[in-house]
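This briefing accompanies a sequence and its three-dimensional structure. Please keep both in view while reading the points grouped below.

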Amino acid sequence: MPELPEVEVVRAGLERHVVGATIAAVDVLHDRPVRRHPAGASGFAAALIDRRIVGARRRGKYLWLPLDDGDAILGHLGMSGQLLVQPTSAPAERHLRVRFALTGTAHGRELRFVDQRMFGGLSVSAGGADLPPEIAHIARDPLDPEFDDAAFVARLRARTSGVKRLLLDQGLISGVGNIYADEALWRARLHGERPGDRLTRRQAVELLGHARDVMNEALAQGGTSFDALYVNVNGESGYFDRSLHAYGREAEPCDRCGTPIRRVAFMNRSSYFCPRCQTVPRSVRTTASRTGSA
Ligand SMILES: [Zn+2]
C-alpha cells in the first residue's frame, strides 16, 4: 500500500506535470474506480471536460486536483493505484482504468489512473477546490506545514488508547501508516500499547518528531521520482526497506541492543518492536496474564 511519502511524491509530480492543463476528454474504462461518483461514469466524465487543473493538493493519503470552476478531482490510490502522466501515444497499461486527455501546458499527454485491485478511486468533489468536504474530517499529517504540533501532543496525551492505535487514528493525525508507526515507536523507545495519557509531554513531542523524521527520510529516498518523466507510485515501499529498524524484521537483532525483534498481531496486521528497548507497559502485562494470552 502506498504510504504517505509516496503519495506526496505523486502530488509533487502532478503539480509539476498537470497544473495548468485543460481536460479535453475523459475515458472511463472500468466503472469501479469512479463508483463514489453519484452520476456514474458518464456524469464523471461530463463534469470534467474543458475544466482546467489549477493545483495538486493532498490531505493524508488523499489527493485532489482543484479545477477552475471550484470543483476538484478527488483521488485515493488505495492498495495498488497509480497516477501516471504519459504521452498519448504510450500503450495502455494492463490495469488502466481512467484516462484524461490533456491540452494546454500538457498537450500531447494523458493523465492515467491505473489500479489492479481497485480499492482506490476517483470522484468529482463539488466545491472541493480548497478542501473537499468528503475529507474535511481527516486530520493534517506531520509533513503538512500547517500541522499543529502542540494541539496534537495535547490530544494524544488526553487519550487512554494505546499510542500505536492513536498514531493510526486519521482523526488525530493522518498519513502515519503501520510501517511508520512501528519505526517511530522504535526510535522513541516506546511500546505501542502504552496509553496516550501515560506519555510525558516530552515523550509525546519526541514521538511526533520521530514520526516526522521517518516520513521525511522516506520522502527523500523516493525523491528520484520527482525527476522522472512520469509520475509514478508502484504500490511498493521497497526503496525504504533497507532503512527499517523494526518493521518486517521479526527475529532479527535490534539495531540498538541486539535483542531479537518481536512480532505481535495488531488490528489484522502486525506490530514489530524490540522487547528490551520498548518495554510492555505494566498495565498491559497485567491484562495479558489475566486473560492467559501472554
Ligand atoms: Zn533494542
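What follows treats a metal site and then a set of paired strands. The model is predicted, and its zinc ion is held by four cysteine sulfurs, the SG atoms of Cys 254, Cys 257, Cys 274 and Cys 277. Elsewhere in the chain, strand β3 pairs in antiparallel fashion with β2 and also with β4.

**Zinc site**

- The distances from the zinc ion to its coordinating SG atoms run from 2.2 to 2.4 Å, and the angles among the 4 donor atoms, at 99 to 116 degrees, make the site tetrahedral.
- Along the chain, the donors of the zinc ion are spaced as C-x2-C-x16-C-x2-C.
- Because buried means under 20% relative accessible area, Cys 274 at 0% falls in that class, and Cys 277, with a value of 15%, is likewise buried.

**Strand β3 and its environment**

- Strand β3 spans residues 62–66, and since 4 of its 5 residues are buried, the strand is largely enclosed by the rest of the structure.

**Pairing of β2 with β3**

- Strand β2 (residues 57–59) is joined to β3 by 3 bridges, and within this pairing Arg 57 lies opposite Trp 64 of β3.
- The two strands form a hairpin with 2 residues between them, and Gly 60 in the turn has a positive phi of about 60 degrees.

**Pairing of β3 with β4**

- Strand β4 (residues 72–76) is connected to β3 through 5 bridges, with Pro 66 placed opposite Ala 72 of β4.
- Here the hairpin has 5 residues between its strands, and Gly 70 in the turn shows a positive phi of about 95 degrees.

Methods:
Residues are numbered from 1 along each chain as its sequence is written. This is a predicted model: local features need pLDDT of at least 70, side-chain atom pairs count only at pLDDT 80 or more; totals for chains, interfaces and linings use all residues. Side-chain values use heavy atoms; hydrogens and water are left out. Donors are N, O and S atoms within 2.8 Å of the metal (3.2 Å for Na, K and Ca); water is not among the atoms, so sites may look incomplete. Four donors count as tetrahedral if all angles lie between 85 and 135 degrees; four count as square planar and six as octahedral if opposite donors are over 155 degrees apart and all others between 65 and 115; anything else is irregular. Buried means under 20% relative accessible area, exposed over 50%, partly exposed in between (1.4 Å probe, protein chains only). Two strands pair if DSSP finds at least two bridges between them.
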